[in-house]
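Colleague: Thanks for sitting down with me. Could you walk me through this one, contact by contact?

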Amino acid sequence: MKKETLAVWQEGEYSYPLAFGFVPNLVSYIHEEDTQERPCMLVVPGGGYCVVSPTEGEIVAMEFYEKGYNAFVFTYTTNPLMLEPLKDQSMRDLSRAIRLIRSRAGEFHIDPCRLILCGFSAGGHLCASVCVHYMDVEDGRYGSFSNRPDAAILSYPVITSADKAHRGSFQALLGMDAAEEELEYMSLEKQVSPQTPPCFLWQTATDEAVPVENSYLFAEALKENGVPFAHHVFSEGRHGLSLANEKWANGEYGEPYTMEQTLKIAENVKNGNIQVSEEVKESFLPQFERSEEETKALLAENSPNDEVAVWPALAHQWIKAVLKPE
């Protein structure tokens, strides 16, 4: 397996104020035993646009790698302290990542016509944003390559900015005083068109963080616009289940490289380079200073969910049905 880290922006192209040297990047998981052209799975973890969660990163990429995909995990720009609204930065990050992968499709042994996004929670919102707004994102370097995904898996996705919104995601994305037109633009159930790529949605009915209505709203919009989709609602389970299997429950997530920007921000808060209130410090920093016992106690709250854990197999079969090789 070829595993490498690829920055998606070159020097001078990226300037988010709270980056502190971080540049959005891809980590690849490429089959090397042959040069067979494979479908590409681009994994986009969630985290409320405040973090890129390692619980939905390498562990998911390896699940699809083992199903025959060449896979990538994408670490995009986030706003952990709610100080610098992201606006369209994360969407531009993901559009660039898609175009970069397609520009090197031969090297990565992928079929550029079978590039699938797999997003979780706010990462699902990011994936769905590119699905509905891809035509709005220009790219001077890679503009000759399409940024339209061929399909998307949306796992317990944030979708709406209306009554059933996950408010924290929209505050990190657009700021505390977002204009109505910004909220409308990022309320994705209102932005679906017949050109939106096919989507596979799954969520649990008891999701306590992102109301299940988010998935229903998007599925209904897909149906109204004639976009192929599948929609699975499992009977119970909390938010953030990732693969929902034994490996996930045991905390075997893989490398936590998706935390790079967040850790750089935490270091700068601790050193006084970012001016925040004591209240913010007390709520933000302790999560990076947990003892081994505290970490074990948090993991003890996880348990496999056999009903939900079938979703990768369902998604794989759906992809084979909707994206048949030429």
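Modeller: Gladly! One cut-off first: a residue is called buried under 20% relative accessible area, exposed over 50%, and partly exposed in between. Please keep in mind that this is a predicted model.

Colleague: Then let's use that cut-off. Is Lys67 buried, exposed or partly exposed?

Modeller: Lys67 has a relative accessibility of 27%. Buried requires under 20% and exposed requires over 50%. Lys67 therefore counts as partly exposed.

Colleague: Which residue forms a salt bridge with Lys67?

Modeller: The closest N and O atoms of this pair are 3.1 Å apart, and a salt bridge needs them within 4 Å. The partner is buried, with a relative accessible area of 19%. It is Glu63.

Colleague: How many residues apart in sequence are the parts tied together by Arg102 and Asp150?

Modeller: Arg102 and Asp150 form a salt bridge, with the closest N and O atoms 2.9 Å apart. Arg102 lies in helix α2 (residues 89–103), while Asp150 sits in the loop between α4 (122–133) and β6 (151–155), so the pair ties together parts whose separation in sequence is 48 residues.

Colleague: And are Arg102 and Asp150 buried or exposed?

Modeller: Arg102 has 9% relative accessibility, and Asp150 has a relative accessible area of 15%. The limit for buried is under 20%, so Arg102 and Asp150 are each buried.

Colleague: What about Lys270: which residue is its salt-bridge partner?

Modeller: The closest N and O atoms are 3.7 Å apart. The pair links distant parts of the chain, 19 residues apart, from Lys270 in helix α9 (residues 260–270) to a loop between α10 (278–284) and α11 (292–299). Lys270 is exposed at 57%, and its partner, partly exposed at 48%, is Glu289.

Colleague: How many salt bridges does the count come to?

Modeller: Side chains of opposite charge can pair when their charged atoms come close. With the limit set at within 4 Å, the count of salt bridges comes to 17.

Colleague: Let's go inside. How many residues does the largest nonpolar core have?

Modeller: Nonpolar side chains tend to be buried together in soluble globular proteins. Here, the residues with the most contacts inside the largest core include Leu26, Leu42, Phe72 and Phe218. Helix α4 gives the most to this core, with seven residues. The core has 70 residues.

Colleague: Which cysteine does Leu42 touch?

Modeller: Leaving out residues up to four places away in sequence, Leu42 touches Leu26, Phe72, Phe74 and Leu94, among others. Ile98, Ile101, Ile116 and Leu117 are also in contact with Leu42. The cysteine it touches is Cys118.

Colleague: How many disulfides does a search of the whole structure find?

Modeller: A disulfide needs two cysteine sulfur atoms within 2.5 Å. For Cys118, the nearest cysteine sulfur, that of Cys127, is 7.4 Å away; for Cys127, the nearest one, that of Cys131, is 6.8 Å away. The search of the whole structure gives zero.

Colleague: Last one: which backbone oxygen lies 3.1 Å from a polar atom of the side chain of Asn25?

Modeller: Asn25 lies in strand β2 (residues 25–29) and counts as buried at 6% relative accessibility. Its contacts include Thr5, Leu6, Phe74 and Glu260. The backbone oxygen at 3.1 Å from its side chain is that of Val23.

Note on methods:
Residues numbered from 1 in each chain as written. Predicted model: local features only at pLDDT ≥ 70, side-chain atom pairs only at ≥ 80, totals over all residues. Heavy atoms only, no water. Helix = DSSP H or I, 4+ residues; strand = E, 2+ residues; numbered from the N terminus. Buried < 20%, exposed > 50% of the residue type's maximum accessible area, 1.4 Å probe, protein only. Polar contact = N/O pair within 3.5 Å; in protein donor to acceptor, adjacent residues only side chain to side chain. Contact = heavy atoms within 4.5 Å. Salt bridge = Lys/Arg side-chain N within 4 Å of Asp/Glu carboxyl O. Core = buried A, V, L, I, M, F, W, Y, C linked by side-chain atoms within 4.5 Å.
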